[in-house]
Amino acid sequence: MEQTLKITNVLSDPTRYYIYQYITKRHNEVTVQEIADNFNIHPNVARLHLSKLEDVNMLVSETQKTGKGGRPSRLYRLSDDVIQLHFPYRDYQLLSKIAMQTLLSLGEQAKSALYETGKKFGLELIDQEKNRSSQFNESLSFDQKLNIIKNAATMSGFHPEFEANDEKTKIYFQIFNCPFKEVAADHEESVCNMHFEFLKGMFEALFDEIELIEKENMLNGCESCSYHAFVTN
């Protein structure tokens with residue numbers, strides 16, 4: 001409870017809250033000067049906000065020598081700690097671990113069911129996103145389909161980045177936040193395969209043909225989970 005009160009106190013300042021939001025979308029370290037410039041505040045004020053966020057383990061920092069002499073630069077990035085605020089207390093992460101262990105104890109058939117369910121949820125997520133806006137009709141352009149996937153992935157907390165080639169046959173995308181990271185650490189193969197099918201379901205809901213290839217996985221020390229999707233519109 002004490003840590004929860006500390007976190008809510010830190011985030012009660014609007015500027016500090018938006019600084020944290022900015023860093024979550026930055027996908028990289030930030031400096032005091034970058035925060036000062038982006039929020040039009042004095043560097044000392046920016047440093048104070050960053051220090052407050054670090055005090056409650058929402059950020060971590062390290063010094064980096066500039067090679068030009070003088071004071072080393074301090075770089076701030078998101079902490080790996082999971083920030084969860086529940087009133088009253090809930091532990092859904094523990095529940096998911098219990099559910100995963102129970103499911104996987106049932107063997108390969110249970111794994112197959114997990115992957116199929118992951119794909120089903122990916123399909124349903126895109127259907128929900130399409131229904132959310134009346135502008136989408138039965139005949140969607142490539143750009144409309146890509147925007148639907150972008151919006152759905154963002155709403156799911158993936159912190160994604162997308163880029164398509166000029167021929168609109170290949171989509172490169174990265175996921176900088178894995179919502180299942182803590183459970184995946186204990187069940188990497190099963191959770192990552194389920195997430196892969198989830199993403200595949202998202203694409204299959206919009207494109208006639210899809211080949212999805214995983215290129216990088218953050219559980220292997222990469223900066224993000226990255227994929228190439230070859231699509232037929």
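Student: Which helices and strands feed the lining of the largest pocket in this predicted model?

Tutor: α2 (14-26), β3 (73-78), α5 (92-104), α6 (108-132), α8 (181-186) and α9 each put in at least two residues. By domain, at least three lining residues come from each of domain 1 (1-78) and domain 2 (108-232).

Student: What is the volume of the largest pocket, and which residues are closest to its centre?

Tutor: The volume is about 1,600 Å³. Of the 45 lining residues, Phe176, Asn177, Cys178, Pro179 and Lys181 are the closest to the centre.

Student: How do the lining residues divide into nonpolar, polar and charged?

Tutor: You get 24 nonpolar, 14 polar and seven charged. Gly goes in with the polar ones, because the nonpolar and charged classes don't list it.

Student: Now the sheet. What makes β4 and β5 a pair?

Tutor: Pairing needs at least two bridges. β4 and β5 (residues 170-175) have five, running antiparallel, so they count as a pair. One partnership to look up: alanine 164 bridges to isoleucine 171 in β5.

Student: Why are β4 and β6 called edge strands?

Tutor: The four-stranded open sheet is ordered β4-β5-β7-β6, with antiparallel pairing. β4 (160-164) and β6 (209-216) each pair on one side only. Neighbouring strands are turned by 20° against each other on average, ignoring direction.

Student: How do you know that α7 packs on the sheet?

Tutor: Contact takes heavy atoms within 4.5 Å. Helix α7 (residues 142-155) touches β4, β5 and β7 (225-232), so it packs on the sheet, with its direction at about 165° to that of β4. Helix α9 (residues 188-204) lies across β4, β5, β6 and β7, at about 145° to β6.

How values were computed. Residues numbered from 1 in each chain as written. Predicted model: local features only at pLDDT ≥ 70, side-chain atom pairs only at ≥ 80, totals over all residues. Heavy atoms only, no water. Axes fitted to C-alpha atoms, helices over the stretch in contact; angles between N-to-C directions. 1 Å grid on protein atoms, 1.4 Å probe; cavity = no way out; pocket = protein on both sides within 12 Å on 5 of 7 lines; lining within 4 Å. Points joined across faces, edges and corners; volume = space filled by probe spheres on them. Domains from an automatic or database assignment.
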